[in-house]
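Biologist: Got a minute to walk me through this one? I'd like to start with a helix and then move on to the sheet and the core.

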Amino acid sequence: MQSDRRLVNIALIGFMGTGKTSVGRLVAEQLRFEYLDTDELIQAQTGRSINDIFKTDGEPAFRALEQQIVEELAGHTNTVVATGGGLPVNPKNLASLKTHALVVSLWSSPEKIWERVRHQGHRPLLHDADPQAKIRELLAARGPFYKQADVLLNTDLRSVREVAQQLVHQFRLEASGRR
Ligand code: S3P
């Protein structure tokens, strides 16, 4: 890892349904950090749902909002931020997050992801005739971006608590001397 990086935050990246929200909330609680979520920030700033933004303005408009939010995050400290599943596909977003955060990628199999998201309706990209095929397709396309994280954690076999514990440990290790 580059030695000039400031590690004052944690950014969770990864596909929908990999556990970013549950793990992120627990890690924030344990470190006494603030918890933020890029989708929630976008919804709060626009007063609109993610589904509505996708439907009315299209995905590129949503991605522009995401990038703007990421730029704003650089001013934060002691924060755990869970990011939308498509956010790291924009290299500017990953580069910006890496200037101030330990970037952690949560990883799951397409089967586990489907199990977790199948009863939720708030994700426009899964409003598809074959959502399972869509998950596999997007996961394959995004794999190389998720793998650019500093730390990769598989959430299939471990509980939220275990993953959070490992992340807290890793963050303390990496951040000591880099704050
Ligand atoms: C998206 C993931 C969603 C949300 C939007 C697009 C994606 O966030 O940003 O629906 O492109 O994978 P979660 O990963 O929190 O579900």
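Biologist: Which residues of helix 4 are buried?

Modeller: Keep in mind that this is a predicted model. In helix 4 the buried ones are Phe62, Arg63, Glu66, Ile69, Val70 and Leu73. They cover an arc of only 120° around the axis, so they sit on the same side of helix 4.

Biologist: Why would residues a few places apart end up pointing the same way?

Modeller: An α-helix has 3.6 residues a turn, so residues three or four places apart point the same way.

Biologist: OK, on to the sheet. What's the strand order?

Modeller: The order is 2-3-1-4-5, in an open sheet of five strands with parallel pairing. Strand 2 (34–37) and strand 5 (151–154) are at the edges with a single partner strand each, so one side of each has no neighbour in the sheet. From one strand to the next, the twist averages 25°.

Biologist: How many bridges join strand 1 to strand 3?

Modeller: Four, and the two strands run parallel. Alanine 11 in that region is opposite valine 81 in strand 3.

Biologist: And which strands does helix 8 lie across?

Modeller: Helix 8 (residues 160–175) lies across strand 1, strand 4 and strand 5, at about 165° to strand 5.

Biologist: Switching to the core: which residues touch the most other members of the largest one?

Modeller: Ile13, Phe15, Leu97, Val103 and Ile135, out of 29 residues in that nonpolar core. There's also a second, separate core of 23 residues, including Phe33 and Phe171.

Biologist: What does isoleucine 135 touch?

Modeller: Leaving out residues up to four places away in sequence, isoleucine 135 touches Phe15, Pro110, Ile113, Trp114, Val117 and Leu126.

How values were computed. Residues numbered from 1 in each chain as written. Predicted model: local features only at pLDDT ≥ 70, side-chain atom pairs only at ≥ 80, totals over all residues. Heavy atoms only, no water. Buried < 20%, exposed > 50% of the residue type's maximum accessible area, 1.4 Å probe, protein only. Arc of directions from axis to C-beta. Pairing = 2+ DSSP bridges. Axes fitted to C-alpha atoms, helices over the stretch in contact; angles between N-to-C directions. Contact = heavy atoms within 4.5 Å. Core = buried A, V, L, I, M, F, W, Y, C linked by side-chain atoms within 4.5 Å.
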